Each structure stands twice: as structure tokens, then as C-alpha cells.
4 protein chains.
Amino acid sequence: MTYTAQMLETYPADVHLDHQQLASVIDCLTTCAQACSACADACLSEPAEELPRLARCIRDNMDCADICHTTAAVLSRHTGYDASLTHAQVQAAIQATRTCGDSCAEHADAHEHCRICMQACREAEEAMRGLLPKLQPSGRAPGKPSRTAPQQQG
Amino acid sequence: MTYTAQMLETYPADVHLDHQQLASVIDCLTTCAQACSACADACLSEPAEELPRLARCIRDNMDCADICHTTAAVLSRHTGYDASLTHAQVQAAIQATRTCGDSCAEHADAHEHCRICMQACREAEEAMRGLLPKLQPSGRAPGKPSRTAPQQQG
Amino acid sequence: MTYTAQMLETYPADVHLDHQQLASVIDCLTTCAQACSACADACLSEPAEELPRLARCIRDNMDCADICHTTAAVLSRHTGYDASLTHAQVQAAIQATRTCGDSCAEHADAHEHCRICMQACREAEEAMRGLLPKLQPSGRAPGKPSRTAPQQQG
Amino acid sequence: MTYTAQMLETYPADVHLDHQQLASVIDCLTTCAQACSACADACLSEPAEELPRLARCIRDNMDCADICHTTAAVLSRHTGYDASLTHAQVQAAIQATRTCGDSCAEHADAHEHCRICMQACREAEEAMRGLLPKLQPSGRAPGKPSRTAPQQQG
């Protein structure tokens with residue numbers, strides 16, 4: 001069991017998502033953030049003639065690293081859980097892994113690090129697409145705030 | 001002129017957004033991220049009897065700090081500009097500043113740091129709401145990727 | 001092989017550190033950063049009477065999460081490698097994992113999440129203590145810059 | 001008065017550093033982090049023939065952005081203040097702004113964004129060098145932990 005899963009198992013309040021699925025998404029996100037940081041720098045160390053065509057990939061790597069890291073942090077917090085915020089941030093991360101995975105795919109044949117980073121992006125994207133429907137804010141009465149804070153009810 | 005504005009003025013390619021408005025949004029986001037980090041810690045140093053009711057505010061502060069910081073970084077990158085990604089991340093940040101601003105507002109009368117942090121959240125939210133319509137992906141042919149990369153055309 | 005190790009194996013230039021050891025340190029740091037984010041929030045969801053004594057632990061969690069994440073990113077970059085900078089940042093991270101591990105240790109009997117987070121901190125600290133001697137800047141002539149950029153020589 | 005200064009003025013416990021100096025350091029760090037993120041991307045949008053010589057500058061920008069952001073967050077937290085940790089992180093940030101400022105200086109004549117980013121790095125470095133002596137852990141009895149937690153004494 002990863003540390004992420006252990007932390008969920010020992011959480012002192014209810015976590016209103018499937019623990020195993022959530023741990024898997026968080027681990028995919030931290031792995032992807034790390035791969036994207038490494039891929040940005042690997043691109044920078046490619047030979048001079050390769051650099052211009054890698055500029056957009058480096059940029060996408062940096063966005064994806066930042067966004068996946070932040071999304072993992074948001075998904076690791078359950079105090080005062082806010083479905084709308086979580087949903088919006090996961091949607092942005094799905095877009096980031098899609099964009100970065102596509103950029104890396106363009107260079108996957110030429111650069112092994114891009115092929116590996118593409119895999120990490122695809123896995124994170126797929127994991128999040130499986131989680132997204134369960135994050136949908138629902139049952140909100142009109143005019144009510146989106147915040148549901150399930151574990152602090154009562 | 002802030003450093004953010006100076007960096008935009010000297011950008012070596014086209015930036016397809018109004019420089020002054022973009023610089024203002026980025027500066028609001030970095031200011032808000034900093035205020036939220038400080039507010040989370042200020043809440044932690046409140047007297048023991050105050051802490052339980054501040055738990056959700058601290059959580060919202062941490063989300064908002066992470067998301068605003070990441071959003072400022074995304075908005076500071078123009079190489080291979082991707083309107084869909086930028087739009088999705090700004091939407092998440094609007095939600096984060098709304099959620100955190102509301103949390104701080106609940107404690108604004110009792111805690112000055114919450115009142116100040118609420119202001120920083122509201123300013124960032126308002127600045128982003130003004131920018132959002134200009135980030136809308138548009139004119140995409142069906143099946144075309146969302147990426148527009150305007151400054152690398154030609 | 002983790003993605004971190006795969007990225008190192010496919011790096012397009014020399015990495016002047018043992019790949020296996022470096023991958024292990026980076027993975028410990030990302031794991032620790034994630035555990036600390038989760039522990040901060042788990043502490044916030046503890047019952048009201050527990051919160052005051054956990055305030056310092058939450059703060060240490062937040063520092064340790066930020067510092068470990070940044071240190072993993074620095075260690076993932078090899079372009080223009082700067083031994084002095086890497087050494088200084090790893091020293092700060094050793095201090096952060098020591099401080100946070102000690103804080104969590106104080107609550108390890110009462111809170112399982114603190115016990116698990118303490119383990120993650122101890123593992124990251126031990127891994128970094130093993131790496132630190134190999135990061136020592138050396139052989140610098142007086143007055144020469146600390147930058148060594150080994151992989152770009154020649 | 002910046003939001004950073006206002007947050008310090010309304011902090012609910014003692015802050016054992018000069019408020020004005022501390023606010024100035026934090027603001028320099030967030031400004032520098034933002035400038036470095038922008039400079040990394042501006043370098044990526046330079047013409048193809050410029051990119052190879054900018055690779056190291058981009059890497060240094062990324063390190064400096066991450067480290068300055070984390071250091072600003074650490075300096076914004078005063079609950080359970082730990083002088084050793086703060087001192088070590090500020091030392092790493094001084095090294096990062098020195099390294100990145102030097103990298104940008106090499107390109108300051110050719111690229112305005114590097115000249116501006118160099119200024120932001122120099123200002124942050126100078127501000128931190130003024131603060132560092134006041135962070136020195138002191139008066140610790142042998143064998144005592146480094147933690148001083150001044151605002152929780154009593």
C-alpha cells in the first residue's frame with residue numbers, strides 16, 4: 001500500500017470518495033508532475049538543433065507539472081470538501097495532461113523521455129477521467145452555496 | 001510599472017492578450033496566493049478556542065494559495081499558448097478565490113487577517129472574471145486541436 | 001522501475017550522480033511532500049479538542065511539503081548542474097524533514113496519520129543524508145564561480 | 001502598505017522579526033519568483049538560434065522560481081517558528097538568486113527580459129542577505145532542539 005493510500009486509510013473523518021480510486025489518482029498526479037519536470041529539463045539538454053522544436057513541449061511540461069502538483073494537493077484535502085472547486089481543478093488537470101501528452105507524443109519517436117512522459121500524462125488523464133463523474137456537484141438547491149463539507153455536517 | 005508588466009513589455013513574441021490587464025491579473029494572483037499562505041498560518045496562531053471554527057478556512061486558504069500560484073505561472077507562459085488550458089485553469093482559480101473569499105468573509109469581523117485575505121481573494125476573482133471572456137477558445141474547426149499557439153504561426 | 005528512474009535512464013546528457021540513488025531520493029521527496037500535505041489536512045479534521053496541540057505540526061507539514069516538492073524539482077534538473085545550489089537546497093530539506101518528522105513523532109501514538117507521515121519524513125531524511133556528501137562542491141579554484149555544469153563541458 | 005505588510009500587522013501572535021523588513025523580503029521573493037517564471041518562458045520564445053545558449057538560463061529560472069516561492073511561504077509562517085529551518089531555506093534561496101542573477105546577467109545585453117529578471121534576482125538576494133543574520137539560531141543549549149517557537153512560549 002502506498003503512503004497515499006495509508007494516509008487515506010487513517011484519515012480521522014469521512015472521505016466521500018472511494019479510497020483506492022482516489023489514492024490511485026493522487027499517485028498518478030504526483031508521478032506525472034515529477035515526469036513533466038524531468039522531461040522539461042531533459043528537453044533542455046537535447047542537442048542545439050533539437051531545441052527549437054521542443055520549446056512548446058517544455059512549456060507544456062511546466063504547465064502540466066504545476067497543475068498536476070496543485071491538483072494532487074487539492075485532492076489530498078478533505079476538510080470542508082468543496083465539490084465545485086475539486087471538479088473545476090480536476091477538469092483543468094485533465095486538459096493539462098491531454099495537452100502535454102499530445103506535445104510529448106509528437107516527440108515520442110525521437111526522444112525516449114518524451115515517450116515515457118507521454119505515458120505518465122495518459123495514465124494521469126485516464127485516472128482523472130474515471131474520477132471526474134464522482135466529483136460532480138449535485139443536489140444543490142438553487143442559490144445554495146456549492147460547498148458541501150460532508151464530514152463537518154451534523 | 002511592476003516587474004510583471006515589464007516582463008510582458010519585453011516579451012520576444014506576441015502576447016495575444018492586453019498586457020496591462022494580464023499583468024494586473026497575474027499580480028492579483030501572486031498577491032492572493034501570498035495572503036492565503038499568511039492567513040492559513042495566522043489562523044493556526046489564533047487562541048485554542050478559535051481553532052475549530054477556522055479549520056475549513058485554513059483548508060480553503062491552502063487550496064487557494066496553491067491554485068492562484070499555479071494559475072499565475074500558467075498565465076505567465078505564452079510559448080505555444082493553449083486557450084483551452086488557460087481557460088480551464090482560470091475557471092478553477094475563480095472558484096478557489098470565491099470559496100476562500102467566502103470562508104474568510106465568515107471570520108472577517110472576528111479576525112483582521114481574514115478580512116484582508118478576503119479582500120485579496122475578491123480582487124483576484126474580479127480581475128479573473130474580467131479576463132475570462134478573452135480566454136474563450138474560439139474559431140476552432142471541428143476535430144481540430146484546441147491549441148492555437150498564435151505567436152508561433154507563420 | 002519507477003517513472004523517475006526511467007526518466008533518468010533516458011536523460012540525453014550525463015547525470016553526474018548515481019542514477020539509482022538519485023531516483024530513490026527524488027521518489028522519497030515526492031512521497032514525503034504528498035504525505036505532509038495529507039497530514040496537514042488530516043490534523044485539521046481531528047476533533048476540536050485536539051487541534052490546538054496540532055497547530056505546530058500542521059505548520060511543519062506545510063513547510064515540509066513545500067520544501068520537499070521544490071527539492072525534488074531541483075534534483076530533477078541536470079542542465080547546467082550547480083553543486084552549490086543543489087547542496088544548499090538539500091540541506092534545507094534535511095532540516096525540514098527532521099523538524100516535521102520530530103513534530104509528527106510527538107503525535108504518532110495518538111494519530112496514525114502522524115505516525116505514517118513521520119515514517120515518510122524519516123525515509124526522505126535518510127535518503128538525502130546519503131546523497132549529501134556526493135553533492136559537495138569541490139575542486140573550485142578561489143574566486144571561480146561555484147557552477148560546475150559538468151554535463152555541458154567539452 | 002502591501003497585503004504582505006498588512007497580514008503581518010494583523011498577525012495574532014508575536015512575529016520575532018522586524019515586520020517591515022520581513023514584508024519587504026517576502027515581496028521581493030514573490031516578485032522574483034514571478035519574474036523567473038516569465039523569463040523562462042520568454043527565453044523559450046526567443047528565435048531558434050538563441051535557444052541553445054539560453055538553456056542553462058531557463059533551468060536556473062525554473063529553480064529560482066520554485067525556491068523563491070517556497071522560501072516566501074516559509075517566511076510567511078510564524079506558528080512554531082524554527083530558526084534553523086528558516087535559516088537553511090533562506091541560504092538556499094540566496095544561492096538560487098545568485099546563480100540565476102548571474103545567468104541572466106550573461107544575457108542582459110541581448111535580452112531585455114533577462115536584464116529585468118536579473119534586477120529582480122539581485123533585489124531579492126540583497127533583501128535576504130540583510131535578513132539572514134537575524135535568522136541565526138542562537139542561544140541553544142547543547143543537545144537542545146533547534147526549535148524556538150517563540151510565540152508559543154509561556
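A cavity, in the sense used here, is a set of grid points where a 1.4 Å probe fits but cannot get out, and the residues that line a cavity have an atom within 4 Å of such a point. With that idea in hand, the reader can walk through this predicted model, beginning with its enclosed spaces and then turning to two of the places where its chains touch.

The structure holds ten cavities of 30 Å³ or more, and the largest of these has a volume of about 880 Å³. Its lining is made up of 49 residues, and those closest to the centre of the cavity are His69(A), His69(B), Thr70(B), His69(C) and His69(D). Four chains take part in this lining, since at least two residues come from each of α2 (19–44) and α3 (51–75) in chain A, chain B, chain C and chain D. Which helix gives the most to the lining of the largest cavity? That helix is α3(D), which contributes eight residues. When the lining residues of the largest cavity are sorted by class, 22 are nonpolar, 19 are polar and eight are charged.

The second largest cavity encloses about 160 Å³ of space. Of the 14 residues that line this second cavity, Thr30(A), His69(A), Thr30(C), Ala33(C) and His69(C) lie nearest to its centre. The elements that give two or more residues to this lining are α2 and α3 of chain A, together with α2 and α3 of chain C. The lining of the second largest cavity divides into six nonpolar and eight polar residues, with no charged residue among them. A reader who looks for His69(A) and His69(C) will find both named among the residues closest to the centre of the largest cavity, and both named again among those nearest the centre of the second largest one.

From the cavities we can move to the contacts between chains, starting with chain B and chain A. The size of an interface is often given as the accessible area lost when the parts come together. Between chain B and chain A this buried area is about 2,600 Å², and carbon and sulfur atoms give 53% of it. Here 30 residues of chain B are in contact with 30 residues of chain A. The two chains are linked by four salt bridges, including one in which the side chains of Arg77(A) and Asp66(B) meet at 2.9 Å, N to O. There are also 16 residue pairs in polar contact between chain B and chain A, counting pairs in which both residues have pLDDT 80 or more. On the side of chain B that touches chain A, α3 and α4 (83–106) each supply at least two residues, and the largest share, eleven residues, comes from α3(B). This side of chain B has eleven nonpolar, eleven polar and eight charged residues.

The contact between chain D and chain A can be described in the same terms. Nine residues of chain D are in contact with nine residues of chain A, and the two chains bury about 830 Å² between them, with 85% of that area on carbon and sulfur atoms. Leu44(D), Leu51(D) and Met62(D) supply 50% of the area that chain D buries against chain A, more than any other three residues. How many salt bridges are counted between chain D and chain A? The count is zero, and the count of residue pairs in polar contact, with both at pLDDT 80 or more, is zero as well. The elements of chain D that give two or more residues to this side are α2 (19–44) and α3 (51–75), and α3(D) provides the largest share, six residues. By class, the side of chain D that touches chain A has seven nonpolar residues, no polar ones and two charged ones.

Methods
Residues are numbered from 1 along each chain as its sequence is written. Chains are lettered from A and ligands numbered from 1 in the order in which they are written. This is a predicted model: local features need pLDDT of at least 70, side-chain atom pairs count only at pLDDT 80 or more; totals for chains, interfaces and linings use all residues. Side-chain values use heavy atoms; hydrogens and water are left out. Contact means heavy atoms within 4.5 Å. Buried area is the accessible area (1.4 Å probe) that two parts lose on being put together, summed over both. A polar contact is a pair of N or O atoms within 3.5 Å; within protein, one must be able to donate a hydrogen and the other to accept it, and residues adjacent in sequence count only if both atoms are side-chain atoms. Ala, Val, Leu, Ile, Met, Phe, Trp, Tyr, Cys and Pro count as nonpolar, Asp, Glu, Lys and Arg as charged, and the others, Gly among them, as polar. On a 1 Å grid over the protein atoms alone, a cavity is a set of points where a 1.4 Å probe fits but cannot get out, and a pocket is an open set with protein on both sides within 12 Å along at least five of seven lines; lining residues have an atom within 4 Å of a point. Grid points are joined across faces, edges and corners, and a volume is the space filled by probe spheres set on the points.
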